[in-house]
Amino acid sequence: MAAGAAAEPWGRLAAALSGGNVDAKTSGQLVGATAKLYADEEHVPAPLLSARIITHLDAVTSVIPRAGRHRPALIITAGETAALAGWAAWDRGEYETAAHYYRTVRDAAKETGHRPLDALALAYASYAAGSPARAAQMLGEAQECVSGPGYATAHAWTAAREAEERARAGAGDAAVRALERARTAYQFATPGTEQPWVRFLRPARLDSMAVSTYTRLRHSEAVVQADRSVERLDTGNPKVNVAVLCDAAMAHLTTGDGEHGVDLARQALDTALAHNYAGVTMVDVRMRELRRALPDSATARSLREEIRAAAG
């Protein structure tokens, strides 16, 4: 490995994979700290957690060579932490760094034979895929990695993401089938007891993914699903709420009541600003889509300029 790469966090993790002795308590604490980072990311923009994520990744990485029987569990938790580091990097616009992290997550999956790590890396990386077709292919592969018991939420998430990308590509039938798979899997999901990286997928978020799918397909179900997702908003989860409100606003702006769409877009922007999500890639992409979809009214023109100032 080149010296420059080894100096980076993903390089340090990759080096550690090539290498005991950690006790069960220490291993459990490190795994628990990873779960805590994912929980915190539901309330704090990932870029603001970057320093903590990297510090934790270094801590896990440093003990892997002497982990003994805990080595597989710690490599898995290091992979999950590296995935979150990649997501934070992507949200900051550091796309090459994010790709390095995701590749190292897949190295960890190969080392342990833990295919859900592949699913996690593929799902995150799908947002940066070169085309909707490529993203959908990656998400289909991800679903194959989380098809067993205990991964219903992960399967629902990756299938719903595939639905969004199939819809973006204009493949209506394939998008609807993927959405049906997501909903079927979610019937068996217990997000709070499965992997830390799927606990965000509460009913409102899954609904909003259905909204974005139907909206791209210009389907009449978009507005129905949009209203349902807004009714399920959880005030304790601002990140999810921004996504839900953006998707619902787009549904109304595209296929429903434009005035109500403007109101929802205003709520989305206010929520993003109140919780420091302006400037985060995921939010800015949605906000720019909303800006382009706003009608030509005085209220909408004012909102358009506010979005431009916040998200470009």
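This is a short tour of one structure, stop by stop, with something to select at each stop. Keep in mind that the model is predicted.

**Stop 1: helix 4 and helix 5**

Select residues 50-63, which form helix 4, and then residues 71-91, which form helix 5. Two packed helices are described by the angle between their axes and the distance between the axes. Here the axes come within 9 Å and cross at roughly 155 degrees. Angles over 145 degrees count as roughly antiparallel, and helix 4 and helix 5 are therefore roughly antiparallel to each other. Their crossing is left-handed. To see the contact, show the side chains of S50, I53, I54, H56, L57, V60 and V63 in helix 4, together with L74, T77, A78, T81, A82, L84, A85 and A88 in helix 5. Sorted by class, the residues where helix 4 meets helix 5 are eleven nonpolar, four polar and no charged.

**Stop 2: helix 7**

Next, select residues 115-125. Is this helix mostly covered, or mostly open? Helix 7 is mostly covered, with ten of its eleven residues buried. The buried residues are P116, L117, D118, A119, L120, A121, L122, A123, Y124 and A125. Add the neighbours to your view: the buried residues of helix 7 pack against helix 3, helix 5, helix 6 (95-112), helix 8 (132-144) and helix 9 (152-168).

**Stop 3: E41**

Now click on E41, a residue of helix 3 (residues 24-41). Is E41 buried or exposed? Its relative accessibility is 5%, so E41 counts as buried. Which residue does the side chain of E41 join in a polar contact? The partner is K239, and the polar contact between the two side chains is 2.6 Å. Leaving aside residues up to four places away in sequence, E41 touches A46, L49, L84, W87, K239 and Y277.

**Stop 4: helix 11 and helix 12**

Move along the chain and select residues 203-216, which are helix 11, and residues 221-231, which are helix 12. The axes of helix 11 and helix 12 cross at roughly 160 degrees and come within 8 Å. That angle makes helix 11 roughly antiparallel to helix 12. Helix 11 passes helix 12 in a left-handed crossing. On the helix 11 side, look for A204, D207, S208, A210, V211, Y214 and T215, which meet E221, A222, Q225, A226, R228 and S229 of helix 12. This contact of helix 11 with helix 12 has six nonpolar, four polar and three charged residues.

While you are here, click on R218 in the loop between helix 11 and helix 12. R218 has a phi near 55 degrees, a positive value in a residue other than glycine. With a relative accessible area of 61%, R218 is exposed.

**Stop 5: helix 12 and helix 13**

Keep helix 12 selected and add helix 13, residues 238-255. This pair packs at an angle of about 150 degrees, with the axes 9 Å apart. That makes helix 12 roughly antiparallel to helix 13. Helix 12 passes helix 13 in a left-handed crossing. The contact is built from A222, V223, A226, D227, S229 and V230 of helix 12 and V244, L245, A248, A251, H252 and T255 of helix 13. Between helix 12 and helix 13, the contact has eight nonpolar, three polar and one charged residues.

**Last stop: N276**

Finally, select N276 in the loop between helix 14 (258-274) and helix 15 (281-293). The phi of N276 is near 65 degrees, a positive value in a residue other than glycine. N276 counts as exposed, at 53% relative accessibility.

Definitions and conventions:
Residues numbered from 1 in each chain as written. Predicted model: local features only at pLDDT ≥ 70, side-chain atom pairs only at ≥ 80, totals over all residues. Heavy atoms only, no water. Axes fitted to C-alpha atoms, helices over the stretch in contact; angles between N-to-C directions. Helix = DSSP H or I, 4+ residues; strand = E, 2+ residues; numbered from the N terminus. Parallel < 35°, antiparallel > 145°, perpendicular 65-115°, else oblique. Left-handed = near helix turned anticlockwise from the far one by under 90°. Contact = heavy atoms within 4.5 Å. Nonpolar A, V, L, I, M, F, W, Y, C, P; charged D, E, K, R; others polar. Buried < 20%, exposed > 50% of the residue type's maximum accessible area, 1.4 Å probe, protein only. Polar contact = N/O pair within 3.5 Å; in protein donor to acceptor, adjacent residues only side chain to side chain.
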